[in-house]
Amino acid sequence: MHSQAIQARSFLASYADVAELPLDVMLEVKDKNLSALKCLTLVQPTPGRITGEWARCKYAVLERDHAVYGEIRRLLRRERPDAAAFYGSLEAALAKRPTPGETRNAAEYVWEHLRRTATAKEMAAVFAALEGIAGETVPGRKVKNVLRRLVERYAEPYWLRSLYLSLD
């Protein structure tokens, strides 16, 4: 059976046993590209790699756990951020189910970045979706679909890479 993703602490524990050996690593996970980048960042951490990962994930974290969002931001202010601590916090936040309030908060942050290019009709669709969050079985699904269409329509590269829009 394949895992959904590589878990940072488990990977590092296994990697420590074989780090000095000349071998290749094969990942048997569903999110191969994301886990490969995670493994590379864990074994060769650079501030640029970690902040790049944060840029891709931060709104997905904000949607799930505002406290962890702040914790990671503080961690990244260090001169040499700890990649294992970063991924540990990231994994903990992403394992949580978003609440309607956190979902709305994150969607409003994303919307703030997109609103300047949106038409009046698109604005109305976003506001309607925001109002409907509390009644949804999966909070935020509709607003994310509306935001995703805007991102695709206006070819916003930052948001096209964002994990936030691909998670429900």
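This report walks through the overall build, the nonpolar core and the aromatic pairs of a predicted model.

## The overall build

Let's start with the big picture. The protein chain has 9 helices and 0 strands, so to speak an α-α-α-α-α-α-α-α-α pattern when you read along the sequence. Measured out along its principal axes, the C-alpha trace spans about 60 × 40 × 30 Å.

## Inside and outside

Of the 168 residues in the protein chain, 39% are buried. If you take the contacts with a separation of 6 or more, 68% of them join residues 24 or more positions apart.

On the outside, the chain exposes about 9800 Å², and carbon and sulfur atoms supply 54% of that area. As for charge, there are 26 positive and 21 negative side chains, with the centres of the two sets 5 Å apart.

## The nonpolar core

In soluble globular proteins, nonpolar side chains tend to be buried together. Here, the largest nonpolar core has 41 residues, and the members that touch the most others are Val 61, Ile 72, Phe 86, Leu 147 and Tyr 164. Seven stretches of helix each supply at least two residues of this core: α2 (32–43), α3 (47–64), α4 (66–76), α5 (83–94), α6 (100–114), α7 (120–131) and α8 (141–153). The one that gives the most is α3, with 7 residues.

Phe 86 is worth a look of its own. Leaving aside residues up to four places away in sequence, Phe 86 touches Ile 50, Glu 53, Trp 54, Ile 72, Leu 75 and Leu 76.

## Aromatic pairs

A pair of aromatic rings is described by the distance of the centres and the angle of the planes. This structure holds 7 such pairs. In one of them, the rings of Phe 86 and Tyr 87 have centres 4.9 Å apart and planes at 70°, which makes the pair edge-to-face because that angle is over 60 degrees. Both partners are buried: Phe 86 has a relative accessible area of 0%, and Tyr 87 has 0% too.

Another pair brings together Trp 111 and Phe 127, with ring centres 6.0 Å apart and planes at 75°, so this pair is edge-to-face as well. It links distant parts of the chain, with Trp 111 in helix α6 and Phe 127 in helix α7, 16 residues apart. Trp 111 counts as buried at 5% relative accessibility, whereas Phe 127 counts as partly exposed at 44%.

Ring pairs also link Trp 54, Tyr 69, Phe 86 and Tyr 87 into a cluster.

Notes
Residues are numbered from 1 along each chain as its sequence is written. This is a predicted model: local features need pLDDT of at least 70, side-chain atom pairs count only at pLDDT 80 or more; totals for chains, interfaces and linings use all residues. Side-chain values use heavy atoms; hydrogens and water are left out. Helices (H or I, at least four residues) and strands (E, at least two) are DSSP runs, numbered from the N terminus. Buried means under 20% relative accessible area, exposed over 50%, partly exposed in between (1.4 Å probe, protein chains only). Contact means heavy atoms within 4.5 Å. Accessible areas come from the Shrake-Rupley method with a 1.4 Å probe; for residues, only the protein chains shown count as cover. Lys and Arg count as positive and Asp and Glu as negative; His and the chain ends are not counted. The place of a charge is taken as NZ of Lys, CZ of Arg, CG of Asp or CD of Glu. A nonpolar core is a set of buried Ala, Val, Leu, Ile, Met, Phe, Trp, Tyr and Cys residues joined through side-chain atoms within 4.5 Å. Rings of Phe, Tyr and Trp (its six-membered ring) pair if their centres lie within 6.5 Å; planes under 30 degrees apart count as stacked, over 60 as edge-to-face and the rest as tilted.
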